[in-house]
Amino acid sequence: MDKNFKEEFRQIIKFEPPLYKQRHQFVKDLVEKYKPKKVADLGCADCSLLWMLKFCSCIEVLAGLDICANVMREKMHTLSPLPVDYLQPSERSLTVTLHHGSVAHKDPCMLGFDLVTCIELIEHLEESELKKFPEVVFGFMAPSIVVISTPNSEFNCLLPRVTLYRHPDHKFEWSQAEFQSWALETARCYNYSVEFTGVGHPPTGMEKVGFCTQIGVFFRKYPQTGESLQSEKPMEAVYKTVFKAVYPSLKDEKYLQNAVISEVIFTAQIIKHRLMSKYEEYSDNPERKSKFQLSMDCFSDYLGKLVVEKNMEPFVSGNEVYIPLRTIFSFPKVNRLCGTFEKLCKLIAGKVTLSSDGSAVMFNIEHENEEN
């Protein structure tokens, strides 16, 4: 390769988006494709990949592991639920946990994951750790998919200020052939297949150099059996948990009840507002007003042609407005939250003012006017 040609690329090469974002996006795309429920990031460092993955709706369990607890502690607050998560709980459950420990050690907390990511990790391992790494990840953890990324040493000639390794903590950096040889042998030993790709495209005319970051995606060929999991399970935990967050979820009865009550009241208020608007049109005729009931046509038009039965019509009687629960249950969001009419009744019992027979949400017009 011409020396002047290499020096020219050393000055102009720049990745957009930055290389770490491309690596994270690669993992995110993989998650969106395969929909894993449980994901572990080994060597999670500043938790930035975990932070991105917590927004993936398919994931219910996220775990991070790193040998440096201080680095995790600096950023672990980014994984905590926000106020909006409590105001609008998700329909899925999500638990995020961070562990302090080495990838050379086995711990039962790392069993049962669908996807394990090792992004820019293996090059930081000592030789003794690297020898144990395959057995821990592929033999013991045995997830369905493993993603491993590592620097491609052949690309270093294009990077400014890189003489030997890209980072002072790197113990080695492999060429494409070296990484593929290690990955293929690991896959063979533990019954995985492996596909090679990468991020950080080389400049035009330098394609043989390969990606700046090389990636191996491993797929387990055969499902892990319960017996093999049990036989490999160590008796004691060796990792130390430094952080755990359980996000509010509609799968939790407490949060579901709050969401249903809010939605029921909101829906009833909308119907009542429309009902009272029509009711005011009858105010000049006391006889009609006392027996006023919203017409089916008006009700259906306002609610997007919602088809309702006769006993589902809202009505006014004296100073009381009645919105049948059956009507409220017909709304898609309420229906989706509750599933059954019986569960709706159970969740709002004692929390929402109902008619004497419990069939309708009741509002007192006179009382509301006094408050206003």
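**Two sheets, two cores and one loop**

E320 sits opposite N364, a residue of strand 11. That pairing belongs to a predicted model, in which local features are described only at a pLDDT of at least 70 and side-chain atom pairs only at 80 or more, while totals for chains, interfaces and linings use all residues. Residues are numbered from 1 along each chain as its sequence is written, and side-chain values use heavy atoms, with hydrogens and water left out.

The protein chain has a mean pLDDT (the predictor's confidence in each residue, from 0 to 100) of 86, and 83% of its residues get to 70 or more. Two stretches do worse. Over residues 1-10, pLDDT stays under 50, and the model gives this stretch 17 contacts (heavy atoms within 4.5 Å) beyond four places in sequence. Residues 291-310 also stay under 50, with 32 contacts beyond four places in sequence. Where pLDDT is low, the predicted coordinates should not be read in detail.

Back to the strands (DSSP runs of E, at least two residues; helices are runs of H or I, at least four; both are numbered from the N terminus). Strand 10, residues 320-324, runs antiparallel to strand 11, and five bridges join them. Strands count as paired if DSSP finds at least two bridges between them. Together with strand 9 they make an open, antiparallel sheet of three strands in the order 9-10-11. Strand 9 (315-317) and strand 11 (360-364) are the edges; each has a single partner strand, so one side of each has no neighbour in the sheet. From one strand to the next, the twist averages 25° (axes are lines fitted to C-alpha atoms, for helices over the stretch in contact, and angles between N-to-C directions run from 0 to 180 degrees).

The other sheet is open too, with eight strands in the order 6-7-5-4-1-2-3-8 and mixed pairing. Here strand 6 and strand 8 are the edges, and because each has just a single partner strand, one side of each is left without a neighbour in the sheet. On average, neighbouring strands are turned by 15° against each other, direction ignored.

Strand 5 is a good place to look inside this sheet. With strand 4 it pairs in the parallel sense over five bridges, and I145 of strand 5 is the bridge partner of L115. With strand 7 the pairing is antiparallel, over seven bridges, one of which matches V147 with V217 in strand 7. Seven of the seven residues of strand 5 are buried (under 20% relative accessible area with a 1.4 Å probe, protein chains only; exposed is over 50%, partly exposed in between). Both faces are covered, with I145, V147, S149 and P151 on one side and V146, I148 and T150 on the other.

Helices pack here as well. Helix 6 (residues 127-141) lies across strand 1 (38-42), strand 4, strand 5, strand 6 and strand 7, at about 160° to strand 5. Helix 7 (residues 176-189) touches strand 5, strand 6 and strand 7, and its direction makes about 155° with that of strand 6.

The largest nonpolar core (buried Ala, Val, Leu, Ile, Met, Phe, Trp, Tyr and Cys joined through side-chain atoms within 4.5 Å) has 42 residues, and L53, I59, L98 and V147 have the most contacts inside it. Two or more residues each come from helix 2 (19-34), helix 3 (48-53), strand 3 (95-100), strand 4 (115-119), strand 5 (145-151), strand 7 and strand 8 (240-246). Helix 2 gives the largest share, five residues. Beyond four places in sequence, I59 touches V31, P36, K37, V39, L53, R92, S93 and L94. A second, separate core of 32 residues includes L65, V103, F133 and V194.

Finally, two residues at the strand 7 end of things. F211 is in the loop between strand 6 (192-199) and strand 7 (213-220), and counts as partly exposed because its relative accessibility is 25%. Its C-alpha atom is 7.8 Å from that of T197, 14 residues away along the chain. Leaving aside neighbours within four places, F211 contacts N152, F155, T197, G198, V199, G200 and H201. T213, found in strand 7, has 0% relative accessibility and so counts as buried. With neighbours within four places again set aside, the contacts of T213 include L19, R23, E120, S149 and T150, and T197, G198 and V199 are also among them.
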